[in-house]
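Student: I am new to this structure. Please take me through one part of it slowly, the place where the ligand sits.

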Amino acid sequence: MNQDELKALVGRAALQYVTPGALVGVGTGSTVNHFIDALATMKDRIRGAVSSSVKSTERLLAHGIPVLEAEAVTSLPVYVDGADEIDHRGHMLKGGGAALTREKIVADLAERFVCIADESKLVQTLGAFPLPVEVIAMAAPQVARRFAALGGTATLRAGVVTDNGHPILDVRGLAIADPLALETEVNQWPGVVTVGIFARHRAGICLLGTAQGVKTLTF
Ligand code: 5RP
């Protein structure tokens, strides 16, 4: 199976975690697109979705799946999303699709985070994939200097503005030994909107697409 087929496999497998009659939190990305397409097959058995991006909202609506605003929701049984990297404790690096802030907001509403990913995303240590950080534009140079002091090289993602109207810094050269500590530290820096480390909102379950089929990791 190629990578896209593995993504489709876990997208379909995630349906087992969707609670009938309830809302489901929906992430963003090519893996989640497969989940949304699979979700359409049970759209009459769910109340609707809370979406983490304009792109996912458009896809959900195109399938006729009702989308509720996050502001109108107090809790979700489950949030399903992909990752750029996931480690063996469920910590993730996310934001390759620039949706990290809304992803963290919707994940925060959910009781359970189900990560769907092909096996290339499983890593020992987060950080080989450039760490995305959404920032207020005027803070970008100072945030970049702070990362340089930690050994990272931050560059603005060219031509990208998030759904919230902000730029993204991608930080290379970090080996993130303690994801929770780094997330907590970067969250304190003025002008940081969201850092793409999901340690506080780590996955409870990962459905990993492998050549042997779907492997379920629980954390
Ligand atoms: C978007 C994300 C995605 O979950 C992440 O980039 C994985 O994407 P894909 O499923 O396309 O590999 O964090 O902001």
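Tutor: Here is a walk around the ligand, followed by a look at the sheet. Keep in mind that this is a predicted model.

Start with the site. The ligand sits in the second largest pocket. Around the ligand there are 17 residues. Those that come nearest are Ser 30, Thr 31, Asp 84, Gly 95 and Lys 121. What classes make up the shell around the ligand? Eight residues are polar, six are charged and three are nonpolar.

Now the polar contacts. Thr 31, one of the residues that come nearest, places a polar side-chain atom 2.5 Å from an oxygen atom of the ligand. Thr 28 uses its backbone instead: a polar backbone atom there is 3.2 Å from a ligand oxygen. Gly 82 also offers a polar backbone atom, 3.3 Å from an oxygen atom of the ligand. How much of the ligand does the protein bury? Taken alone, the ligand exposes 370 Å², and the protein buries 92% of that.

Next, the sheet. Strands of a sheet pair through backbone hydrogen bonds, in a parallel or an antiparallel sense. Here, seven strands form an open sheet with mixed pairing. Read across, the order is β3-β2-β1-β4-β7-β13-β14. Which strands form the edges? They are β3, at 67-68, and β14, at 213-218, and each pairs on one side only.

Finish with one pair inside that order. Strand β1 covers residues 23-26, and strand β2 covers residues 48-51. The two pair in the parallel sense, over four bridges. Within this pair, Gly 25 stands opposite Val 50 in β2.

Notes. Residues are numbered from 1 along each chain as its sequence is written. This is a predicted model: local features need pLDDT of at least 70, side-chain atom pairs count only at pLDDT 80 or more; totals for chains, interfaces and linings use all residues. Side-chain values use heavy atoms; hydrogens and water are left out. A residue is near a molecule or strand if one of its heavy atoms lies within 4 Å of it. A polar contact is a pair of N or O atoms within 3.5 Å; within protein, one must be able to donate a hydrogen and the other to accept it, and residues adjacent in sequence count only if both atoms are side-chain atoms. Accessible areas come from the Shrake-Rupley method with a 1.4 Å probe; for residues, only the protein chains shown count as cover. On a 1 Å grid over the protein atoms alone, a cavity is a set of points where a 1.4 Å probe fits but cannot get out, and a pocket is an open set with protein on both sides within 12 Å along at least five of seven lines; lining residues have an atom within 4 Å of a point. A molecule sits in a cavity or pocket if more than half of its atoms lie within 2 Å of its grid points. Ala, Val, Leu, Ile, Met, Phe, Trp, Tyr, Cys and Pro count as nonpolar, Asp, Glu, Lys and Arg as charged, and the others, Gly among them, as polar. Two strands pair if DSSP finds at least two bridges between them.
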